Amino acid sequence: MNDLWTISWPNLWAAPAWIAPAAVLAGVSLLLIGWSYHRSPGPRWVRLGAAAAKAAAVVLLALILIEPMRSDVRPVPGANLFVVLADNSQSLQVRDRGEEHTRAEALKELLAHENDWQVRLGQDFDVRRFTFASAVQPVTDFSEMLADGTGSSIALSLENLARRYRGRPNAGVLLLTDGNSTDMTDDSIDWSNLPPIYPVVIGGDESQKDISITRVSVSQTNFEAAPVIVSAEITASGYAGETIVCELLDSVGKRLERQTVRNVEDDRPFALRFQVKPTERGILFYEVRTFAESEEEHFDSPDENPEATLANNRRLVMVDRGGGPYRVLYVSGRPNWEFKFLRRALSEDDEVQLVGLIRIAKREPKFKFRGRDNGNNPLFRGFGSDEEQAEQYDEPVIVRLGTENPEELRDGFPKAADQLFGYHAIVLDDVEADFFTQDQKSLIQQFVSQRGGGLLMLGGQESFLGGGYDRTAIGEMLPVYVGGPSDAPEKAAYRLVLTREGWLEPWVRVRSTEAAETKRLSEMPAFRTLNRISSIKPGATVLARVSVGDGKTLPALVVQRFGKGRSAALLVGDMWRWQLRKKTSAGDDNDDDLQKAWRQMMRWLVADVPRRIEVDVRRRQDDPNQPVELDIKIRDEMYKSLEGANIIVEITTPDAKKVTLTAKPIDEKSGRYAATYLPRTPGGYRADIIATAADGSEIGRRQTGWVSQPAVEEFRTLRPNVALLERIAERTGGEVLRPDELDRFVAELHHREIPVTEPTIDPVWHKWLVFMLVVGLLVGEWGLRRWKGLP
């Protein structure tokens, strides 16, 4: 309100010597007024009203005699900064429902230099004007705003201004925005360094006609039928009761799946899931798009489509299917059915390679008889074998299968880390603990705990307790205690059932629906062999059990984490019965359940095994341009940090251009290297990392990728984020405003806390409003008396 219409209680007296005379004069006058009206005829209320009016006038005149003054403070003109920060992002290009102009046009009109609030603000403050999108830009006025920014970096912009004017008197920041920030995902901003923020909400609260993909995510499972799940969350406004279509497209635009949701509700999110089985390896990109079924023919025509914007109807997602091939080392104490079916299952999997080390004969004791040469194993006599390569009586006969070269596993199970760490997982089946030396047992433990590999023990005759694994380095890693008494009966028919945790693990299930999986379990043949254990280790998870009748169940499949890796125990010893005694019927396409189960189990075993080159891709939120940073971790053959490597990053942009970067070490000992890239073209990016050692030998290659779609994040929601703006105002001591409140706000701004102020003295008795009040009271008293005929 204008100061001319404001009368505050005085706190100073210019003529204090007149206080006593004024009080005496006022007291006498009040007594005379009371005595006079007490004797006057007429209605009581008339006499009281007239007396009160004249008494108030006398009191005011008495106060004027002592010259009341009001002291106050006001901003020193031009001594305080005040920042006007306006949003210049693409989200302001939308038009609110029922409005003729876009938000950007309305904002530009509001920020016109000749507006009263701008003029008044400039009289008291040193006004600094800025626009922001992905970065802050100083401007002299706002006439050139284009609303074409690719982000709304509210947090970074406020922190930038706080640093720019640190140590200077800053009365506040007037933040004009819709509040749809692209960088405020948490409370990481330091609110204590910010001046009061006064957000001005740009945009109406009424929902606009729009369909938006608010979130997409990708999860990869080891479930063979659908290893990739793409989830999308969609919100529609203005389409209540209509049908919304959502489609999943591959990188060339081919539609892979189409889903519809009928009778949608306005502003109520709904989620859809797409299941995909990629046929290619490497970095893959998929697109999720959505539209109203009634507007499908106008989907690619913005001029004919009634939506507020089409920028939020498409989203790209990246899928990394380049982890393989993974190598699994299978060690068995004798040829068996399990290896046969496991090898057959993995022969159809390009991602997993099975290497077999199978003992076909145990070592024999060696005796020396006079006159007889029995130094060589008789199995090899007559085949022309060189004595140096022939198996000895005290050596086992071992067969190698699936090796990459003649030297692999030539000396049996690896004895050094650089040989064993080349595998991703180890499967032990029907082989006793004494098959390994103490050093090899410790090496297997290091393989899991340090290298991060997977270990699976199958339930053969010489596994677990039967193989003497209690109190060994290998037994320490297993998720079960192999020693001690057991509740398992010697002979029984064991039927497999899944636990609650097992139902939640996609790799444990074989069929795609719960009903089909339940039917499969009921039709499975009973198993006859179950390894006896004493109990489950703390922290381990039982995924499957076997029922033995009378409602009693025993663990069948148990898993746990161990160090950087994982271990699993499959206690059933005759899984092959599943395949040999399967029930099939005409038209049944699920007659390879055991093979599918083996493939899924092996994929789970190697899924999270670290590689020598690991890459973490993230956006730098602390940078106004939000570049992509590649954090590259390099390991040596022992999977320890490797320094001194040369890292080349070859980036392929969405328009097929090539960019080559060199990653620099982050520090001297961590084996971490970083490269930064600023995406300028929307779309999917691929990056090939090539690592070489100091001697020029290649360490390895790794491919990664990311998606850059700044417009999608900008238009994720069109309704102003008032909750965020209220939080900013509350944390900084500001106030949320509407555009029509700016004149009032600027007029009252000097009453708020201002850094640099000066005192002011305002004579209350000089105000014409006081004089008019005295005259009004006297005239009112006179008029009331004449109206009622009083003397």
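This short talk walks through one predicted protein model, from its overall make-up to a few helices and single residues.

Before the details, please keep in mind that the model is predicted, that local features are taken only at pLDDT of at least 70 and side-chain atom pairs only at pLDDT 80 or more, while totals for chains, interfaces and linings use all residues. Residues are numbered from 1 along each chain as its sequence is written, and side-chain values use heavy atoms, with hydrogens and water left out.

Let me start with the whole protein, which has 17 helices and 33 strands; helices (H or I, at least four residues) and strands (E, at least two) are DSSP runs, numbered from the N terminus. Of its 791 residues, 49% count as buried, where buried means under 20% relative accessible area, exposed means over 50%, and partly exposed lies in between, with a 1.4 Å probe and protein chains only. If we take the contacts between residues at least 6 apart in sequence, 73% of them join residues at least 24 apart, a contact being heavy atoms within 4.5 Å.

Now to helix α1, which runs over residues 19–39, has 21 residues and reaches 30 Å from its first C-alpha to its last, close to the 30 Å expected at 1.5 Å a residue; that expected span is 1.5 Å times one less than the number of residues. Which residues of α1 are buried? They are Ala22, Ala26, Ser29, Ile33 and Tyr37, and because they cover an arc of only 70 degrees around the axis, they sit on the same side of α1. The arc here is that of the directions from the helix axis to the C-beta atoms. On the other side of α1 there are exposed residues, among them Val24, Leu31 and Trp35, while the cover over the buried residues includes α2 (44–65) and α17 (768–788).

The pairing of α1 with α2 deserves its own description: their axes come within 9 Å and cross at roughly 170 degrees, so the two helices are roughly antiparallel to each other. Axes are lines fitted to C-alpha atoms, for helices over the stretch in contact, and angles run from 0 to 180 degrees between N-to-C directions; angles under 35 degrees count as roughly parallel, over 145 as roughly antiparallel, 65 to 115 as roughly perpendicular and the rest as oblique. The residues making this contact include Leu25, Ile33 and Tyr37 of α1, and Ala51, Val58 and Leu65 of α2. By class, the contact has 13 nonpolar, 2 polar and 2 charged residues, where Ala, Val, Leu, Ile, Met, Phe, Trp, Tyr, Cys and Pro count as nonpolar, Asp, Glu, Lys and Arg as charged, and the others, Gly among them, as polar.

A second helix pair is α6 (residues 337–346) with α13 (residues 593–606), which pack at an angle of about 75 degrees with their axes 8 Å apart, and this makes α6 roughly perpendicular to α13. Among the residues in that contact are Phe341 and Leu342 of α6, together with Trp598 and Met602 of α13, and by class it has 7 nonpolar, 1 polar and 3 charged residues.

Turning to helix α3 (residues 103–110), the buried residues are Arg103, Ala104, Leu107 and Leu110; seen down the axis, they fall within an arc of 125 degrees, so they line one face of the helix. These buried residues pack against β3 (81–87), α4 (116–124), β6 (170–177) and α16 (742–748).

I would like to close with a few single residues. Arg314 lies in strand β14 (residues 314–321) and counts as partly exposed, at 26% relative accessibility. Leaving aside neighbours within four places in sequence, Arg314 is in contact with residues including Glu287, Asp300 and Gln709.

Pro679 belongs to the loop between β30 (672–677) and β31 (683–692) and is buried, with a relative accessible area of 13%. From Pro679 to Trp706 there are 27 residues in sequence and 10.0 Å in space, C-alpha to C-alpha.

Is Phe464 buried or exposed? Phe464, in the loop between β19 (454–458) and α9 (473–477), counts as buried at 0% relative accessibility, and has a positive phi of about 55 degrees although it is not a glycine. Asp267, in the loop between β11 (255–261) and β12 (270–276), likewise has a positive phi, near 60 degrees, but is partly exposed, with a relative accessible area of 34%.
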